[in-house]
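Q: I have a chain open in the viewer and would like to go through it with you. Could we take it piece by piece?
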Amino acid sequence: MRLFEHKNFVRIFILLASVLIIGMVTWNIFVFYERIKEDEREKMRLWSAAQESVNNADDDQDLNLELFIINTNENIPMFILDENENFKQANNLPKNIENDSLKKQQFFESIKNENKPFVIDLEEAGQQYLYYGNSSVLTKIKYYPIILLLVIFLLVGLIYVYYITSKKSEQNKLWAGMAKETAHQIGTPLSSLVGWLEILKSENVNPDYIAEIEKDIDRLQTITERFSKVGSKLVLKPTNLNETIQVSFDYLKSRSSKLIDFSIIMPSKTIYCNLNPILLSWTIENLTKNAIDAMRGKGEMRLEVCEDKSWVKILISDTGKGIPNSKFKKIFEPGYSTKKRGWGLGLSLSKRIIENYHFGKIKVLKSELDKGSVFEIKLPKIEKNRPI
């Protein structure tokens, strides 16, 4: 518990620290932007004063400083207009609009409101107005916070993907380890039980007792094989899907409440899929048992097989209590269960078996509260529907 709380604290700390750093960087860029903007305005104020001094100068007046100031402006776009708003001068415009009056007018309209214009007093000749836009440097800085945020979001996204991928990898290793260990632990006493069964047969024990013990041993062997395959790399083989489903259906029907009405619908032709019959049967058994629990031992259970161009679909429907829409994906997460004594592993195992091992899909197709649910399993079709 302390470890979990510690991890949560670290995550919250990293999140808050990231937000704080982003805020500080953004604020500094904003302050830097405003400082450069103020410097450019001061530069343009000096430029307008120098231009005014040049226009009003006497013939013998020294204008070296004024001309120097005027010539230093090489990157701030500017327009000088007379009192009738006619262009008198334009400097530092983009090359593609210098000789195009329409584009020049459009460019002027785009920068007209960026900064407050300066008034150049020409005394008897009246007044002129200096309009200027932001320099290319200032324009680039304006977009830096957006670029920074995009980079940060990209990094956060990459970290999140890495975290999810590594978490799934750890879960897969855990599943494989648990499955192999479970198969090993069951296998040892199971071998002993087989030996004791042979002894009982030689002791003339009631054959009915022997038969029941054999059924239980067969069941344990099936469970052991299931876990051993979950923890191993599977080689799928073309298999008669009709037969596999029928065997699972018959087994579940014979061991379920007589108050449940079982029905099965399958196509008349034989369908083949690349699969592992033991694990597919386990998946169908998990879904069916969950449906029986949802119906509380009484209702209608239907298993239907159909196909389209690319997939074979197995539909398992019930008349149970239903599943809220918000839980459609959550029910497949490891550990999630609505049962007081449930471990929340059945559906997560089913998802792993179908999607990771059989390259198929499994989902809640539809569900209505107090009316029932329909689960859909989709398996890739084999071309021409026959073994290859």
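Q: Where is the place of F153?
A: F153 is in helix α4, which covers residues 136–202. Helices (H or I, at least four residues) and strands (E, at least two) are DSSP runs, numbered from the N terminus. Please note that this is a predicted model: local features need pLDDT of at least 70 and side-chain atom pairs count only at pLDDT 80 or more, while totals for chains, interfaces and linings use all residues. Residues are numbered from 1 along each chain as its sequence is written, and side-chain values use heavy atoms, with hydrogens and water left out.

Q: Is F153 buried or exposed?
A: F153 counts as exposed because its relative accessibility is 57%; exposed means over 50% relative accessible area, buried under 20%, and partly exposed in between (1.4 Å probe, protein chains only).

Q: Which residues make the nonpolar surface patch?
A: F153 is one of them, together with Y143, Y144, I146, I147, L149, L150, V151, L154, L155 and L158, and the patch amounts to about 1,100 Å². Patches are made of residues with over 30% relative accessible area and no salt bridge (a side-chain nitrogen of Lys or Arg within 4 Å of a carboxyl oxygen of Asp or Glu); nonpolar side chains (Val, Leu, Ile, Met, Phe, Trp, Tyr) are joined within 5 Å, like charges within 9 Å. Areas come from the Shrake-Rupley method with a 1.4 Å probe; for residues, only the protein chains shown count as cover.

Q: Now the interior. Which residues touch the most other members of the largest nonpolar core?
A: They are L241, L280, M301, L303, I314, F375 and L379, in a core of 32 residues. Helix α7 (residues 277–295) gives the largest share, six residues. A nonpolar core is a set of buried Ala, Val, Leu, Ile, Met, Phe, Trp, Tyr and Cys residues joined through side-chain atoms within 4.5 Å.

Q: And what does L280 touch?
A: Leaving aside residues up to four places away in sequence, L280 touches L241, T244, L275, I314, I354 and L379. Contact means heavy atoms within 4.5 Å.

Q: Different topic: where is S367 found?
A: S367 is in strand β10, residues 361–368. S367 is buried because its relative accessible area is 14%.

Q: How confident is the predictor overall, on mean pLDDT?
A: The mean pLDDT, the predictor's confidence in each residue from 0 to 100, is 79 for the chain, and 82% of residues reach 70 or more. Over residues 1–5 pLDDT stays under 50. Where pLDDT is low, the predicted coordinates should not be read in detail.
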